[in-house]
Amino acid sequence: MARIVVDPVTRIEGHLRVEVEVDGGKVKDAWTTCTLFRGFEIFIKDRPPLDAWHIAHRICGVCPTSHGHAATMGLENSFNVTPPGNAVLIRNLMEAAQQLHSHVLWFYTLNAFDYVDVLSALSAQPSTPALKTVQDRLKAFADSGQLGFLDGGYWGHPAMKLPPEMNLELTAHYLQALAIQAKAAQALAVFGGKFPYHMSTPPGGVTVVPSLQDIENFEFIMKEVTDFVRNVFVPDVLAVAPYYIDHATFGKGVGNFLSWGVLEDVDSRDPYKRALPRGAIFGGQLKVEQVDPSEVQEYVSHSWYTHDSGAGKNPGSNNATTAPQYTKVDTNDKYTWAKTAQIKNKPMEVGTLARMLIAYLSPNAPYYATVKSLVDSTLQALGSAGKPEILISALGRIATKALESVLIADKAEADLARLKQNIKDGDNNWFNPKGHDVPDAGAGVGAWEAPRGALAHWNRIEGGKIASYQAVPASNWNFSPRNDQGQRGPVEEALVGTPVADAAKPLEVLRVIHTFDP
Amino acid sequence: MRMDMNRRDFIRLCGGTAAMLGLSYSWVPEIAQALEQAAKRPPVIWMSFMECTGCLESFAKSVNPSTADIVLDIISLNYQENIMAAAGTQAEADLKKTIGQGGYIAVIEGAIAVGIPEAMMVAGKTSLELVKELTQNAAATLCVGTCAAYGGVQAMRPNPTGAKGVKDAIGAKTVNVPGCPPNPAHMLPTIVHYLLFNKIPDLDSDGRPLFLYEQKIHDNCERRAHFDAGRYVTQFGSKEETLQYCLYKMGCKGPETHSPCPKTLWNNKQSWCVKCGNGCIGCMEPNFWDRFEDFYQQLPNVPIPGFVGVETSADWIGSTLVTATMAGVGIHAVTTAAKGRFKKHPEEGEGPPPAKTEASQGSED
Ligand code: SF4
Ligand code: SF4
């Protein structure tokens, strides 16, 4: 038995420490520690509600757009205000751009070095002049003796399986992806002013009144991103998967899945009709149940907060608090700044896999046919036709990320067409002025999806100010510590059973953590 | 030229660099020479403390030079948790090695947890311990983003963790490139300025490079004519917005915010906060979350001229002086730049650089 600590876990958003117990070449137990506390719920209190969307937006700089949207939707819920259709379409388009930005960045910038041996690419036979150029550039970089950001990577690790030619091609795509994620951000900025932290979506609608030219500009930039998704990202995932097919046998996790739903259906505004619909799955059953934010409960028995900050409270209840109390990292007691979020006393996995499973099992959602054909054809390509359960694995999280990107691209194209039609039809409605009338009292929740999973923002307004604000982002689900019954959080559970070839270089542990897009 | 890129790419990169610094294209050979003669890429440690990763995300949106150009050809990014291949003990080893060698640029993202030090830890050390280690051997310390510079979002009232900016936390001398997030079109020129001239640029009293942050947003805003003429947006999404009237009455903080946003713009010059109709929330100013609380309320005490009045003229005189000063600073720095990395321009003698001297203009392309 050996305890391995990985701290810092790199190539993620935020700060994470992971401790695993390894026995006989496999992970036997695991503990995840979020090592940063900032106190958003404390400092948003007593502020003007219209400021709250800018402040809560800052919870995450990798998925800011989703936090901005959840915050604004929560406030609109309290204000009892509905944004006009054009505003919903613009928000969807910005969300789609952010999700594609994030998915591309995740697969290449954050994950690729777990599977692609960059130094092995030096010995490849380049099949095209372009690949030769990349290889020459890489060679000069390596020969300079300054490996910089590549220094200390797990190059030559026995779990690296790709042939040199594929390593070279994937490295070329890594560089290309860096440009593509910046493109997606440019598209978003057309409507949002900037990315990260767009400026145009306060409660009530959007402040931007785009010209037809702006819309075409967005479309033009997005096309480059969606082309990359369809012609490079998806083929790359399908090409790499056979080399790592054993990754379908571990990293399963808790088998409970939650999605609040994302990408609004502009006509119904029904969360079960979103392109990625709302729903929950329990116990690995291939069956979706309805779910409501009022069912969320938070616990703190293993987190560095006073007892009052948890104990089964719903974040929207009027006695929900957040009072920090650091002790030390003690895996038998308290060991993280993340709270334990649960539904029906169960830890829930959130993220792309959850969304795609729920979409695959929601026949009444508008993109059901698309999801079904994407998933079924991929299962077939992987030699597992009719066995969607193999997606509940490390490999499944990667595969669904690529498939979801195609769905998001489809939805963005449909929303763009709709927006253009609206404008042609003379709909020039972008903002509901009631969004600026802050009520004296109110309570609301905005439940949405960041690229990395379910997030919800609860607010209560009293005397025209924020009386309480609670956010449960994806990391409070996936990186939950143990619950009161001692059951592991989703990432902790997924780590159990992961093979570890070399305890000094726990590459496989990193891989499983990264599949959660932390 | 550097071995690792072709000549055309390299010249493009040098041209982009010149533009970022507000120098004319005739400076490209000098810049090329400076970069070519560097025996090695300058080592950089980028450490993230109390942050949201938005600063790094923003930096990774760099265009021309692109992020790939920067990490492969301009700097040696020896530690950056979001990008680096290494993790855990291997990442720690990279950090230790670079700190031990000294002479690196320390880039800091995120605030320092002073009140509850354990609110921010990496590898068992608090941000307060780490920032001291990191800055001790650094050749220069660059704080990117409002959090590292001034405490940022977590430092707003009541600041539950006692978060502070680097200078306030440990008294280190820092160059601040604030913003929530900072703009790559402000971060890169500051780094390149240091690499070329081998000294930190002149700073304002808040530690910001004067060549970027001297002027106010309001001085350069495309909607300024409407402000002067008294034409305002009073409702979002209205006809007035379609006409791009001034956002002052919707709460725009441009009149009190020092930043070149209207010129640098965002994301390869796609747009910016005023263009998208919300207005500025002042994110490049210290303590802006508290100072500008109630973002959608109109700023008090801003004189509304109604015509091009005294206040406006004074601002214009100011901007002209800044440009001239910057030109002087630039050439002085070049002539004294260390160890032949950057030679004097042949045609220019001791005078200011010719042609374009838009001192406060950064550019992403
Ligand atoms: S108040 Fe804002 S929108 Fe109006 S001119 Fe000044 S900076 Fe521009
Ligand atoms: S315009 Fe204002 S809010 Fe926008 S980036 Fe510049 S300083 Fe920040």
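**Exercise 1. A salt bridge and its interface**

Find the distance at which the side chains of Asp151(A) and Lys97(B) meet, and name the kind of contact.

*Solution.* Step one: the side chains of Asp151(A) and Lys97(B) form a salt bridge, at 3.0 Å from N to O. The term stands for a side-chain nitrogen of Lys or Arg within 4 Å of a carboxyl oxygen of Asp or Glu. Step two: between chain A and chain B the count is 5 salt bridges.

Before going on, two notes on the setting. This is a predicted model, where local features need pLDDT of at least 70 and side-chain atom pairs count only at pLDDT 80 or more, while totals for chains, interfaces and linings use all residues. Residues are numbered from 1 along each chain as its sequence is written, chains are lettered from A and ligands numbered from 1 in the order in which they are written, and side-chain values use heavy atoms, with hydrogens and water left out.

**Exercise 2. Describing the chain A side**

Work out how many residues of chain A are in contact with chain B, and which helix gives the largest share of that side.

*Solution.* Start with the contacts (heavy atoms within 4.5 Å): 83 residues of chain A meet 81 residues of chain B. Next comes the buried area, meaning the accessible area (1.4 Å probe) that two parts lose on being put together, summed over both. Between chain A and chain B it is about 6900 Å², with 59% given by carbon and sulfur atoms.

Now add polar contacts, which are pairs of N or O atoms within 3.5 Å; within protein, one must be able to donate a hydrogen and the other to accept it, and residues adjacent in sequence count only if both atoms are side-chain atoms. Across the interface of chain A and chain B, 45 residue pairs are in polar contact, both at pLDDT 80 or more. Among the helices of chain A that each supply at least two residues to the side touching chain B are H4 (85–115), H6 (164–192) and H7 (212–240). The largest share, 11 residues, comes from H6(A). Helices here are DSSP runs of H or I with at least four residues, strands are runs of E with at least two, and both are numbered from the N terminus.

Last, sort by class: this side of chain A has 49 nonpolar, 21 polar and 13 charged residues. Ala, Val, Leu, Ile, Met, Phe, Trp, Tyr, Cys and Pro count as nonpolar, Asp, Glu, Lys and Arg as charged, and the others, Gly among them, as polar.

**Exercise 3. Two residues in strands of chain A**

Decide whether Thr32(A) is buried or exposed, then do the same for Gln342(A).

*Solution.* The scale first: buried is under 20% relative accessible area, exposed is over 50%, and partly exposed is in between (1.4 Å probe, protein chains only). Thr32(A), found in strand E3 (residues 26–34), has a relative accessible area of 0%, so Thr32(A) is buried. Not counting residues up to four places away in sequence, Thr32(A) touches several others, including Leu16(A), Tyr335(A) and Phe479(A). Its C-alpha atom is 9.2 Å from that of Thr331(A), although their positions lie 299 residues apart along the chain.

Gln342(A) lies in strand E7 (residues 340–343) and is buried too, at 1%. The side chain of Gln342(A) makes a polar contact of 2.9 Å with the side chain of Asn483(A).

**Exercise 4. Cysteines in chain B**

Explain why Cys147(B) has no bond to the sulfur of Cys180(B).

*Solution.* A disulfide needs two cysteine sulfur atoms within 2.5 Å. The closest cysteine sulfur to that of Cys147(B) is in Cys180(B), 5.9 Å away, and therefore too far for a bond. Over all chains, the structure holds 0 disulfides. Cys147(B) counts as buried, at 13% relative accessibility.

**Exercise 5. Backbone exceptions**

Locate the cis peptide bond that involves Pro8(A), and state the phi of Gln244(B).

*Solution.* Recall that most residues other than glycine have a negative phi, and most peptide bonds are trans. Asp7(A) and Pro8(A) are joined by a cis peptide bond, with omega about 5°. Pro8(A) sits in the loop between strands E1 (2–6) and E2 (16–23) of chain A. In chain B, the bond from Arg157(B) to Pro158(B) is cis, with omega near 0°.

Gln244(B) has a positive phi, near 60°, and is partly exposed at 31%. Asn287(B) also has a positive phi, about 60°, and is partly exposed at 45%.
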